[in-house]
Amino acid sequence: MPRARKVDHIGIAVPDLKAAEALFERLLGKGADRHETVEDQKVTTAFFAIGETSLELLQATDPESPIARFLKKNGRGGIHHICFEVEGIEEILARYKRDGVQLIDEKPRIGAHGKKIAFIHPKSTGGVLIELSEPSLSEEDTQEER
């Protein structure tokens, strides 16, 4: 049966990526490990690795993006989602659908770092937006080399 491997990252919506990045650099004593713009999600990101988990700071690049909508309700920003790294993402989504879990994505799409991602609606998870991610083969190879 497909399973979760770890908490991959915690997504934090921010109104100003540069200011948030400077804050987290001071708090964590290190700079961001990766930056990426994900056109499909309409965000620019900064990732801070902390052990096996990362903090993902997300700034909207479009006023109609999910992050922009979140910030309209939560002007200062805040925790947007928790992401679990999984294996067998397609099987997991099919099982959740059969079990009546409300999915935002019934099929995975490509997210940051080329990973397959899919979101589960907060109505099915006690109010928490859950992201599932599965590394691409090249991402798994890179992680094993670390």
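Here are a few friendly notes on the charged side chains of this predicted model.

1. A good place to begin is the overall tally of charge pairs. Side chains of opposite charge can pair when their charged atoms come close. How many salt bridges does the structure hold? The count is 9, and the points below look at some of them before turning to a glutamate without one.

2. Take Arg5 and Glu85, whose side chains meet in a salt bridge with an N to O distance of 3.2 Å. This pair ties together distant parts of the chain, since Arg5 sits in strand S1 (residues 3-13) and Glu85 in strand S5 (residues 78-87), 80 residues apart. The two ends differ in setting: Arg5 is partly exposed, at 34% relative accessibility, whereas Glu85 is buried, at 3%.

3. Arg5 and Glu85 also belong to a wider group. Together with Lys6 and Glu87, they are linked in a network of salt bridges. When you look at this part of the model, it helps to display these four residues, Arg5, Lys6, Glu85 and Glu87, together.

4. Next, have a look at Asp40 and Arg109, which form a salt bridge with their closest N and O atoms 3.2 Å apart. Here too distant parts of the chain are linked: Asp40 lies in the loop between strand S2 (34-38) and strand S3 (43-50), Arg109 lies in strand S6 (residues 109-110), and 69 residues separate them. Asp40 is partly exposed, with a relative accessible area of 47%. Arg109 is partly exposed as well, at 26%.

5. Lys97 and Glu106 make another salt bridge, and their closest N and O atoms are 2.8 Å apart. Is Lys97 buried or partly exposed? Lys97 is partly exposed, with a relative accessible area of 48%. Its partner Glu106 is partly exposed too, with a value of 47%.

6. Finally, please spend a moment on Glu21, in helix H1 (residues 17-28). Glu21 is buried yet has no salt bridge. Which side chain of opposite charge is nearest to Glu21? That is Lys18, 6.6 Å away; a salt bridge needs the nitrogen and the carboxyl oxygen within 4 Å, so this pair does not count as one.

7. Glu21 does have a polar partner, though. Its side chain and that of His35 are joined by a polar contact of 2.8 Å. Leaving aside residues up to four places away in sequence, Glu21 touches Ala32, His35, Ala46, Phe48 and Leu57. His35 therefore appears both as the polar partner and in this list of contacts, where contact means heavy atoms within 4.5 Å.

Terms used:
Residues numbered from 1 in each chain as written. Predicted model: local features only at pLDDT ≥ 70, side-chain atom pairs only at ≥ 80, totals over all residues. Heavy atoms only, no water. Helix = DSSP H or I, 4+ residues; strand = E, 2+ residues; numbered from the N terminus. Buried < 20%, exposed > 50% of the residue type's maximum accessible area, 1.4 Å probe, protein only. Lys, Arg positive; Asp, Glu negative; His and termini not counted. Polar contact = N/O pair within 3.5 Å; in protein donor to acceptor, adjacent residues only side chain to side chain.
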